[in-house]
Amino acid sequence: MKRAKLFTSAKGVEKMMRQQDGLLFDQTEGRGDRQLNIYPERCYQEILGFGAAFTETSAYNYAKMSSKGKEKVIEALFDKEKGLGLNYCRTHIHSCDFALNRYTYVREQDEKLESFSISRDQKYIIPFIKAAQNTAEGLELFASPWTPPSWMKDNNEMIHGGRLLEAYYQSWADYMVRYVTEYAKEGIRFSGISVQNEAMAFQTWESCQYTAEEEAVFVHKYLWPALRKAGFDDIGIMVWDHNRERVYDRARDSFAVPGAREDIWGVAYHWYSGDHYAALDMVHEAFPEKALILSEISLGGQRGETAQGAHSSFIGLEIWVNELIENFNHHMNAFVAWNMIVDENGGPYHDRPGGCKAPIVADDQMDTFILEPIYYAIAHFSRFIKRGAVRLGTSVFKEEVKMAAFQNPDGEIVSVILNRTDRVQEVWVRLEGRYMKLMLPGDSVTTCVITEE
């Protein structure tokens with residue numbers, strides 16, 4: 001007999017992830033028109049983990065807290081039992097828009113990288129990562145650049161898009177390899193690196209543009225050989241790192257460059273341009289060996305989130321849970337949120353009109369922080385789904401009630417169910433011929449952890 005523990009968060013209910021124990025799959029009949037099916041024999045992608053970004057913004061907000069406050073933040077983000085258990089995280093190669101200001105690691109025109117120094121990162125980012133390493137189980141990291149230094153680009157700016165000059169392809173590849181080398185000296189190793197954050201973006205902050213072919217050539221002729229020569233052939237290279245609406249086009253065109261498919265490990269993507277979940281299916285079907293990484297998701301008023309400022313609402317939680325379910329059901333291997341911690345203004349940030357929301361909002365004046373609704377959106381998955389889990393086949397009776405299911409390496413089954421209606425929904429979860437009846441509150445998310453009795 002299978003037994004389930006439930007963890008439920010609902011709109012208007014103060015306590016998130018309210019626990020209910022002991023429900024049984026003990027019925028042989030259920031309502032066919034209210035059925036949620038889980039098929040353990042249908043196994044799909046492996047889950048690599050859950051994470052968020054070690055931005056300088058997040059690290060700066062962390063650094064301003066007391067020792068006790070820092071301990072609580074680390075527990076909330078990285079402890080698997082009491083927190084999110086984040087284990088697959090991102091950071092940026094020199095500055096991004098969520099850094100205190102623009103910076104690079106070298107002086108102007110230093111093509112030989114003789115002035116290269118990560119001393120800026122040693123102030124905030126590296127101490128934050130090291131604190132996380134002490135708590136997180138098997139923390140993996142990948143790094144993304146927002147732009148090369150201005151002197152390597154055709155517009156001579158770190159901002160406003162522009163392109164990497166071909167004359168500096170090798171210097172920029174060496175720069176990226178020098179970055180992972182210096183971090184390795186700090187005891188921080190990377191499992192992945194992307195060529196460029198938002199490779200089609202023209203932004204008022206740090207940005208640079210590549211075609212799909214340019215990314216592939218850069219990887220095949222410059223970055224991958226430089227990583228391999230430096231002994232970092234265990235680092236997986238990702239392309240695109242931009243919105244889902246062109247993820248298939250970009251993967252198709254990058255992998256068409258001779259030699260590139262062998263050298264590129266995966267495809268990273270963001271969520272800012274609409275659903276386009278079918279595009280993920282097309283990437284997986286065409287290139288089944290490639291990882292699909294949702295490398296950035298953030299709220300700043302998008303997709304119906306009406307809350308202003310740094311704080312999110314329960315609508316934001318529902319938006320993120322829906323995003324997680326849909327992406328997993330379309331072959332995503334890992335989920336990575338943007339900033340871990342922002343201040344009450346959604347920052348600090350630079351060169352942009354406003355901040356964003358994050359799982360944690362910190363108040364350094366009071367040495368306190370708030371776990372936001374979107375924090376619990378992640379928790380409903382990350383606290384229960386273990387690295388190495390596989391997604392299972394599922395089907396649902398209507399789109400307003402969504403579900404994704406997973407099997408952990410120890411055989412435990414985890415399902416996450418979202419009720420996006422404002423009404424209580426009676427559902428019958430069916431697993432291996434047995435049923436469990438659930439009453440889902442309106443506007444709620446429920447995680448079911450299913451084990452053998």
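**Group meeting: helix H2, Asn333 and the largest pocket**

Let me begin with helix H2, where Ser67, Lys68 and Glu71 are exposed, meaning over 50% relative accessible area with a 1.4 Å probe on protein chains only, whereas buried means under 20%. The model is predicted, with local features requiring pLDDT of at least 70 and side-chain atom pairs pLDDT 80 or more, while totals for chains, interfaces and linings use all residues. Residues are numbered from 1 along each chain as its sequence is written, and side-chain values use heavy atoms, leaving out hydrogens and water.

On the other side of H2 from those exposed residues, Gly69, Val73, Ile74, Ala76, Leu77 and Phe78 are buried. Down the helix axis, the buried residues fall within an arc of 165°, so they line one face; the arc is taken over directions from the axis to the C-beta atoms.

I turn next to Asn333. This residue sits in the loop between helix H9 (314-328) and strand E11 (334-339); helices (H or I, at least four residues) and strands (E, at least two) are DSSP runs, numbered from the N terminus. Asn333 is buried, at 11% relative accessible area. Leaving aside residues up to four places away in sequence, its contacts include Gln45, Glu46, Lys290 and Ile293, where contact means heavy atoms within 4.5 Å.

Finally, the pocket. Strands E1 (2-10), E2 (18-24) and E20 (444-452) each supply at least two residues of the lining of the largest pocket, and E1 gives the most, with 4 residues. A pocket here is an open set of points on a 1 Å grid over the protein atoms alone, where a 1.4 Å probe fits, with protein on both sides within 12 Å along at least five of seven lines; lining residues have an atom within 4 Å of a point.
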